[in-house]
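Me: Please take a close look at one part of this model and describe it in a single connected answer. I would like to know what sits there and how the neighbouring elements are arranged around that part.

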Amino acid sequence: GILAFVAPLAGLYSPYMIPALVATVIGIGFFITGKVVQWTLFVWLAFLWWIGGSAMMFVKSESILLIFAFLMSLGYLVPGFILRANYKKVKKGQDEE
């Protein structure tokens, strides 16, 4: 957390690198979670986060935020909708018993 604020001020890297680094760390989290819970969608989303993070390293403008917003939408909303649909399916099956 503190590196995100202090390191750019010290000139260690550009502030535009912060979203790329965050996307890379999120990708690591998705990958580990996908392997632990054995859900391949999370593993594929990890690769999406890593590709997006890599792409953001080459963009030096505020359009990085559009890439990050796309990753957030696809990376969090899609699994959320899938989990919600699965929950409703399981809940419906339990109500019928």
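Reply: Gln38 is a residue of the loop that joins H2 to H3, and the part described here is helix H2 together with that loop and the helices that pack against H2. The model is a predicted one.

The loop comes first. Gln38 has a phi near 55°, which is a positive value for a residue that is not glycine. Most residues other than glycine have a negative phi. With a relative accessible area of 70%, Gln38 is exposed, because the cut-off for that class is over 50%.

On one side of this loop is helix H2, which covers residues 17-37; on the other is helix H3, which covers residues 40-56. The axes of H2 and H3 are 7 Å apart, and the two helices pack at an angle of about 165°. That angle makes H2 roughly antiparallel to H3, since angles over 145 degrees are placed in that class. The crossing in which H2 passes H3 is left-handed.

Two residues of H2 can be paired with positions further along the chain. Ala23 belongs to helix H2. Its relative accessibility is 0%, so Ala23 counts as buried, the limit being under 20%. Between the C-alpha atoms of Ala23 and Leu48 there are 9.4 Å in space, while 25 residues separate the two in sequence. Gly34 is likewise found in helix H2. Gly34 is buried too, because its relative accessible area is 2%. From the C-alpha of Gly34 to the C-alpha of Ala46 the separation is 8.4 Å, and these two residues are 12 apart along the chain.

Other residues of H2 have some accessible area. Thr33, in helix H2, has a relative accessible area of 34% and is therefore partly exposed. Ile28 also lies in H2, and its relative accessibility of 43% is why Ile28 counts as partly exposed. Ile28 is one member of a nonpolar patch on the surface, where the other members are Ile32, Val36 and Val37. Together, these four residues have about 380 Å² of accessible area.

H2 also packs against helix H4, which covers residues 64-96. Here the angle is about 15° and the axes are 11 Å apart. H2 and H4 are therefore roughly parallel to each other, as an angle under 35 degrees is classed that way. The crossing of H2 and H4 is left-handed, as is the one between H2 and H3.

Two C-alpha distances involve residues numbered in the nineties. Thr33 and Gln94 are 61 residues apart in sequence, and their C-alpha atoms are 27 Å apart in space. Gly93, in helix H4, has a relative accessible area of 28% and so is partly exposed. Gly93 and Ile51 are 42 residues apart in sequence, with 38 Å between their C-alpha atoms.

To put the part together: H2 runs roughly antiparallel to H3 and roughly parallel to H4. Within H2, Ala23 is buried and Gly34 is buried, whereas Ile28 is partly exposed and Thr33 is partly exposed. Past the end of H2, the loop to H3 holds Gln38, an exposed residue with a positive phi.

Notes
Residues are numbered from 1 along each chain as its sequence is written. This is a predicted model: local features need pLDDT of at least 70, side-chain atom pairs count only at pLDDT 80 or more; totals for chains, interfaces and linings use all residues. Side-chain values use heavy atoms; hydrogens and water are left out. Patches are made of residues with over 30% relative accessible area and no salt bridge: like charges are joined within 9 Å, nonpolar side chains (Val, Leu, Ile, Met, Phe, Trp, Tyr) within 5 Å. Accessible areas come from the Shrake-Rupley method with a 1.4 Å probe; for residues, only the protein chains shown count as cover. A salt bridge is a side-chain nitrogen of Lys or Arg within 4 Å of a carboxyl oxygen of Asp or Glu. Helices (H or I, at least four residues) and strands (E, at least two) are DSSP runs, numbered from the N terminus. Buried means under 20% relative accessible area, exposed over 50%, partly exposed in between (1.4 Å probe, protein chains only). Axes are lines fitted to C-alpha atoms, for helices over the stretch in contact, and angles run from 0 to 180 degrees between N-to-C directions. Angles under 35 degrees count as roughly parallel, over 145 as roughly antiparallel, 65 to 115 as roughly perpendicular and the rest as oblique. A crossing is left-handed if the near helix is turned anticlockwise from the far one by less than a right angle, and right-handed if clockwise.
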